[in-house]
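Me: I would like a close look at a single part of this model, namely the cysteines and the strand and loops around them. Please take it residue by residue, in one connected account.

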Amino acid sequence: MPAPLIAATTATAAPTATVTVAVAQPACADAGRPDTVAVNVERHAQAVREAAARLVVFPELSLTGYDLAAPALGPADPRLAPLVAACAATGTTALVGAPVTEPDGGESIATLAVTGEGVAVVCRKTRLHGAEHDRFTPGHGPAVLELDGLRFGLAICADAADPAHAEETAALGIDAYVASTLYGAGPAQAARRDGHLRDRAATHGVWAVLATSAGASGEQPQTSGGSGFWAPGGALVAQAGTAPGELVRAELPRR
């Protein structure tokens with residue numbers, strides 16, 4: 001199956017030399033509550049408003065938290081309206097995470113692109129991990145989002161841990177490898193996290209962009225934080241700390 005290519009269509013001003021990208025690690029509402037998604041959507045919308053960025057990237061399963069029992073969330077879900085409105089007001093494309101139902105009835109761990117015009121599924125996790133296999137179906141291959149002349153290759157968590165996924169994605173011609181993830185807390189996981197993104201940037205000569213959970217997320221009582229940016233070649237440019245609610249930005253140059 002050919003890799004999906006998605007073009008973000010929200011209107012923008014005249015092109016500039018760079019595209020402002022932000023990575024966010026908002027606090028995640030407790031899993032299993034009736035208002036979990038609504039609370040997370042409002043926190044995402046606030047991050048979008050604060051970011052003043054063209055693209056804002058959020059962690060894996062950011063709308064539900066890493067709760068493998070959370071109901072699937074469709075692009076037409078009315079609870080997403082505040083986030084659509086925030087993107088419309090700021091001219092932002094937001095990449096958010098949620099479980100989704102496929103046309104054949106299967107379910108995927110997905111990244112959804114939210115703009116002022118609506119919501120679309122743009123990436124499905126291909127490297128499932130552990131208990132994810134009990135519920136979800138893996139995606140069929142790498143995905144690329146085109147935005148303002150840049151090509152963003154998309155990855156979800158364990159995708160980014162597999163060098164082959166980055167190789168497959170880079171072969172499509174990308175400017176940045178963008179990973180929405182969750183890593184455990186502690187120095188070993190932080191080193192693993194940074195090593196993955198540094199190596200992807202160095203190996204493929206592209207930007208590596210990481211949005212990863214901080215604090216609790218669904219079933220996970222603690223996660224690493226440390227969302228950030230690595231320049232082509234692997235140098236760290238900007239990185240959040242371990243606290244939930246942090247947001248960092250970088251300017252990615254156009255080719």
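Reply: The model is a predicted one, and the account that follows should be read with that in mind. A search of the whole structure finds 0 disulfides. Cys123 takes part in none, since the nearest cysteine sulfur, which belongs to Cys157, is 12 Å away, and a disulfide would need the two sulfur atoms within 2.5 Å. Cys157 is likewise in no disulfide, its nearest cysteine sulfur being that of Cys123 at 12 Å. As for their surroundings, Cys123 has a relative accessible area of 3% and is therefore buried, and Cys157 also counts as buried because its relative accessibility is 14%, where the cut-off for that class is under 20%.

Cys157 deserves a second look for its backbone. The residue sits in the loop between strand S8 and helix H3, the latter covering residues 158-161, and its phi is near 50°, a positive value in a residue other than glycine. Such a value stands out because most residues other than glycine have a negative phi. Leu61 is another residue, not a glycine, with a positive phi, again near 50°. Leu61 is found in the loop that runs between strand S3 (55-57) and helix H2 (81-90), and, with a relative accessible area of 2%, Leu61 is buried.

Strand S8, which spans residues 150-156, contains Arg151. One might ask of this arginine whether it is buried or exposed; at 17% relative accessibility, Arg151 counts as buried, because the class takes in values under 20%. The side chain of Arg151 has a polar partner in the backbone oxygen of Gly173, which it reaches at 2.4 Å, and the cut-off for a polar contact is a pair of N or O atoms within 3.5 Å.

Leu172 belongs to the loop between helix H4 (163-170) and strand S9 (176-181). Leu172 and Arg151 are 21 residues apart in sequence, while their C-alpha atoms are 9.1 Å apart in space. In accessibility, Leu172 is partly exposed, with a relative accessible area of 34%, whereas Arg151 counts as buried.

To draw the part together: Arg151 lies in strand S8 and its side chain reaches the backbone oxygen of Gly173, while Cys157 is found in the loop between S8 and helix H3, has a positive phi and is in no disulfide.

Note on methods. Residues are numbered from 1 along each chain as its sequence is written. This is a predicted model: local features need pLDDT of at least 70, side-chain atom pairs count only at pLDDT 80 or more; totals for chains, interfaces and linings use all residues. Side-chain values use heavy atoms; hydrogens and water are left out. Buried means under 20% relative accessible area, exposed over 50%, partly exposed in between (1.4 Å probe, protein chains only). Helices (H or I, at least four residues) and strands (E, at least two) are DSSP runs, numbered from the N terminus. A polar contact is a pair of N or O atoms within 3.5 Å; within protein, one must be able to donate a hydrogen and the other to accept it, and residues adjacent in sequence count only if both atoms are side-chain atoms.
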